[in-house]
Every structure is written in C-alpha cells, then in structure tokens.
Amino acid sequence: MIKILIIDDEESICSSLTFALEDAYQVTAITDPIQALHVVEYEIYQLCLLDLKIGNVDGITILKQLKQLQPSMEVIMITAYGTIESSVTALQNDAFSYVTKPINMDELHANIKKALKYKELNQQVEYLTRELEKKYRYEEMIGQSEEMQKVFTLIDKVKEFNTNILITGESGTGKELVARAIHYSGKRKKGPLEILNCAAIPEQLLESELFGYEKGAFTGAVSSKAGKFEQANRGTLFLDEIGDMPASLQAKLLRILQKKEVTRLGSNEMKVLDVRIIAATNLDLEEEMEKGNFREDLYFRLNVIEIRTPPLRERKSDLPFLIEYFIGKNNDDHGLTKTKFTKEAEARMLSYNYPGNIRELANIIESSIVFAEKNVIGVSDLPASMKRSGKRPVTLASVSLEQFVGLTLKELEKRFILENLEYQNGHKKNTATALGVSERSLRDKLKQYKEENPL
C-alpha cells in the first residue's frame with residue numbers, strides 16, 4: 001500500500017488529512033518536524049504532505065533534508081501563504097507541487113495521483129536506463145585483447161564528459177555499439193540517444209532530418225517536424241558515416257556545433273541546444289580533407305577525442321569468445337540446443353580474416369546454424385568464401401596481378417566492384433561492407449556505370 005507522511009504543526013490539519021486519505025493510503029501524521037526526519041531515516045514513504053511553516057521551522061529546510069534522506073519521495077507543499085515567491089522556492093527545491101489552505105480535497109487528491117504517477121514513470125525510466133546500460137555497455141564488444149581493452153578504457157574516461165567524440169574504424173567493427181555504450185553508461189543516459197546514418201539518407205532529405213522543418217517549408221511539408229538535433233536535446237546525437245555528409249551540410253553542421261543553436265527549415269526561430277555529438281566514419285577523414293571532400297574546421301570540431309575500433313583481424317585472440325557469444329545468441333533466438341563446430345570448420349573460422357568484421361562473423365554464424373544438421377556446423381555449412389579459402393585466407397601476396405596490366409585504374413576499379421556485387425548476389429550493403437566503402441559511395445559508383453552504359 002502507498003505510504004504517505006503528513007508533517008504539519010496543526011493537529012486539526014493532520015487529523016482531517018488522515019481521515020480524508022486513510023481509505024486509499026497508509027497515512028502517518030507527525031506535528032514535530034525533527035521527529036518526522038528521524039522516522040524518514042528508517043521508514044520508506046512514497047509521498048509527503050509538508051507544511052511550509054511548521055511553528056518556527058522553515059518547511060523548505062525540512063524539504064531539503066527529506067530529499068537528502070529519500071530522494072525518490074515526492075513532496076507536496078501545503079501552506080496558508082500562497083505567494084508566487086514561496087511556490088517557486090518550493091519547486092526549485094524539488095517539491096512536486098504546491099497547494100494552499102484551506103485545502104480543496106479534490107485538488108489534493110488530483111495532485112497526489114499526479115505525483116504518484118510521476119514517481120512511477122521515474123522508476124520505469126530508471127529501470128529501463130539500467131537495462132539499456134547493461135545491454136549496451138559491452139554487448140557484442142566482447143574481447144580480452146589489448147586492442148579492445150584500450151577501447152573499454154577510453155569509454156570509461158569519456159562517458160561523463162560532454163566532449164565531442166569521433167569513432168573511426170572499418171565497417172562492421174562496432175562503432176555504433178561504442179556510441180551506445182558511451183551514452184548509456186554516462187551522465188546523459190536519462191536523455192535521448194538519436195542516431196542518423198549520413199550515408200543512408202538522400203542528400204535532399206538529410207538536411208530536413210537533421211534540422212527539422214516548419215509546415216509549408218517545402219512541397220510535402222504538411223506539418224512541422226523536429227529534427228534530430230532537437231530530438232536529441234539533453235542527450236546524444238550519433239552521426240554515423242559522417243564522412244559521407246555533403247559539403248553543403250558540413251558548413252551548417254559546423255555552425256550549429258559552434259553556436260549550439262538550431263533553426264528549422266522555414267523558420268527564423270533559434271532553438272538552444274544541449275546535445276553531445278558522437279560521430280563515426282570508416283573513411284580516412286584526413287585523406288578526405290586533402291581531397292577537399294571534408295572540411296578541416298569541422299574535422300577538428302568533431303575530433304576532440306578519437307576512439308578507433310580495431311578490425312577483427314587485429315584481435316584474433318577474441319575470436320573464440322565472439323564465436324561462443326554469437327552461437328549462444330542464435331541458439332536463444334531460434335530456440336535451439338547447443339550448436340558446435342567440427343574441428344575443421346572451427347579451424348576455418350579461426351583462420352579467416354573477416355573483411356566485414358564483427359557484422360560478417362555474426363552473419364556467418366547465423367547462416368551456418370540455419371544450414372547445419374544435428375546442431376553440428378561443418379565446412380559444407382560455411383559460406384562459399386570460406387570454403388574456397390581453406391585454412392589459409394587469400395592475400396594480395398598470393399594473387400598474380402599480371403593479367404590486369406594494361407587496364408586503367410578506373411576500369412580495374414569498375415570490374416572489381418561489379419565482380420564483388422555479382423559475388424554478393426546483388427546485395428549492395430554486403431558488397432559495400434566487403435569493399436570497405438559506404439553504401440552511398442557504392443550507389444554513386446553503380447549509378448555512374450549505368451549512365452556510362454545505358455541500356
């Protein structure tokens with residue numbers, strides 16, 4: 001049963017409030033504020049009705065002490081002195097609301113219900129936040145290698161700061177997981193985490209997704225919409241594939257980062273922001289700056305602290321742990337009993353270089369489990385690329401490039417991209433991952449080839 005504490009120096013008020021509330025709540029009424037504080041040290045209450053003036057004692061002082069003893073307890077102030085100043089002071093010190101004498105019981109009941117509902121929602125938020133922190137802190141960032149320990153150390157160091165962070169690394173190395181771990185284990189974990197893939201959204205839509213727009217700002221804008229910056233206010237905005245952001249938007253992004261204000265498309269109103277920016281890229285941004293594709297000033301604004309996610313081939317010692325994790329995860333997801341590899345299949349798994357990194361490893365294990373019989377994964381259940389590779393993965397040193405002599409670099413690139421696309425059965429995302437480029441870059445290349453050779 002919900003427990004309510006009443007602290008008021010008037011016996012008549014305590015009696016009347018107890019009578020009005022005792023059918024729905026377990027009520028304790030105390031006229032001595034010092035005694036009440038002693039009780040709160042040992043007894044948990046969900047809500048307190050506190051008089052602003054308790055004899056010679058200031059109720060605001062008692063409010064502060066109550067909140068120190070039980071921060072989650074909601075407090076409703078009661079007073080005969082209904083001034084704006086005292087209301088503001090009470091609310092500034094974490095009182096939930098404020099009612100005046102003579103007390104309107106309907107109003108009081110409504111305030112109590114609102115306070116208890118607010119408390120319940122707060123508890124749900126705290127629970128979900130703890131679950132998210134547990135889920136994203138190290139999930140799929142499994143590893144005992146020195147390379148991963150460096151990543152974990154950096155996450156612990158930066159999580160409590162508002163510093164902008166740039167996460168670099170190849171596709172599939174878990175850059176988004178690092179961003180989630182920073183957000184959900186840091187001081188912004190109660191705020192929103194908004195994610196935007198700069199390469200996955202067409203250029204003409206990216207601006208409105210980032211900054212939002214007002215009704216009528218452009219054709220099709222039938223209502224106003226907040227952009228990712230506004231949605232991430234008091235939280236974190238994760239900008240994935242930042243290296244693929246068009247140059248025109250880079251300048252606008254830089255201005256927002258400098259001023260910490262955003263203006264929706266079609267509006268003149270500036271909205272002040274409190275947003276932490278985490279950006280990620282699989283491109284070499286220093287190289288992109290030299291090419292003129294990425295702004296130097298934006299790079300230095302984003303790259304206050306860099307976290308590099310190592311490719312799987314640089315932390316082969318983590319493979320047994322990752323394989324065990326993904327097998328367990330797939331067994332749980334599909335309701336299977338324990339699946340295992342044959343010795344030969346396991347040797348292939350441990351020797352393969354995984355150009356698609358963690359994402360490729362996860363896909364290989366999932367597909368192998370689907371094809372496996374009797375919960376045993378053999379070489380025949382592995383993808384074609386691993387069957388061909390044997391125990392020793394193909395490297396540039398083992399391939400003769402003599403047959404390609406005479407081709408231009410442009411033609412060689414085109415043939416290589418199209419061969420990979422055919423090998424991936426036309427799957428653009430898998431092809432981009434295998435090539436180590438963004439989906440947008442791949443789409444642009446394929447569009448160019450189509451224009452050069454129209455049907």
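These are my notebook entries on strands, helices, salt bridges and a surface patch in a predicted model.

**Ground rules.** I number residues from 1 along each chain as its sequence is written, and I leave hydrogens and water out, since side-chain values use heavy atoms. In this predicted model, local features need pLDDT of at least 70 and side-chain atom pairs count only at pLDDT 80 or more, while totals for chains, interfaces and linings use all residues.

**Entry on the sheet with S1.** I looked up how the strands are ordered, taking helices (H or I, at least four residues) and strands (E, at least two) as DSSP runs numbered from the N terminus, and counting two strands as paired if DSSP finds at least two bridges between them. Five strands form an open sheet with parallel pairing, in the order S2-S1-S3-S6-S7. Strand S2 (26-30) and strand S7 (97-100) stand at the edges with a single partner strand each, so one side of each has no neighbour in the sheet. On average, neighbouring strands of this sheet are turned by 20° against each other, direction ignored; axes here are lines fitted to C-alpha atoms, for helices over the stretch in contact, and angles run from 0 to 180 degrees between N-to-C directions. As a reminder to myself, strands of a sheet pair through backbone hydrogen bonds, either parallel or antiparallel.

At the S7 edge I found four bridges that join S7 in the parallel sense to strand S6 (residues 74-79), and one partnership there is that of Ile76 with Ser97 in S7. I also noted that helix H1 (residues 11-21) lies across strand S1 (3-7), S2, strand S3 (47-51) and S6, and that H1 runs at about 180° to S2.

**Entry on Asn111.** Which residues does Asn111 touch, leaving aside its neighbours within four places in sequence? With contact meaning heavy atoms within 4.5 Å, I found Ile76, Phe96, Ser97 and Val99. Asn111 belongs to helix H5 (residues 105-137), and its C-alpha atom is 7.3 Å from that of Ser97, although the two residues are 14 residues apart along the chain. For burial I use relative accessible area, where buried means under 20%, exposed over 50% and partly exposed in between (1.4 Å probe, protein chains only). Asn111 is buried, because its relative accessible area is 13%.

**Entry on strand S12.** I next asked how strand S12 (residues 236-240) is covered, and found that five of its five residues are buried, so the strand is largely enclosed by the rest of the structure. Thr236, Phe238 and Asp240 are buried on one side, and Leu237 and Leu239 are buried on the other. S12 has parallel pairings with strand S9 (residues 193-197) through five bridges and with strand S15 (residues 276-281) through four bridges. Thr236 takes part in both pairings, with Leu193 as its bridge partner in S9 and Arg276 as its bridge partner in S15.

**Entry on salt bridges.** A salt bridge here is a side-chain nitrogen of Lys or Arg within 4 Å of a carboxyl oxygen of Asp or Glu, and the whole structure holds 23 of them. Among them I looked up the one between Arg180 and Glu176, at 3.1 Å from N to O. Both residues lie in helix H7 (residues 175-185), four residues apart, about one turn of the helix. An α-helix has 3.6 residues a turn, so residues three or four places apart point the same way. Arg180 counts as buried at 16% relative accessibility, whereas Glu176 is partly exposed at 30%. H7 is mostly covered, with ten of its eleven residues buried.

Glu344 and Arg348 are likewise four residues apart, in helix H14 (residues 343-351), and their closest N and O atoms are 3.6 Å apart. Glu344 is partly exposed at 43%, and Arg348 is buried at 11%. In the salt bridge of Arg295 with Asp297 the closest N and O atoms are 2.8 Å apart; Arg295 is partly exposed at 32%, and so is Asp297 at 35%. I also found a network of salt bridges that links Asp8, Glu10, Asp51 and Lys101.

**Entry on a surface patch.** Last, I looked up a nonpolar patch made of Leu407, Leu409 and Leu412, which together have about 270 Å² of accessible area. Patches are made of residues with over 30% relative accessible area and no salt bridge, joining like charges within 9 Å and nonpolar side chains (Val, Leu, Ile, Met, Phe, Trp, Tyr) within 5 Å, and accessible areas come from the Shrake-Rupley method with a 1.4 Å probe, where for residues only the protein chains shown count as cover. Leu412 lies in helix H17 (residues 409-423).
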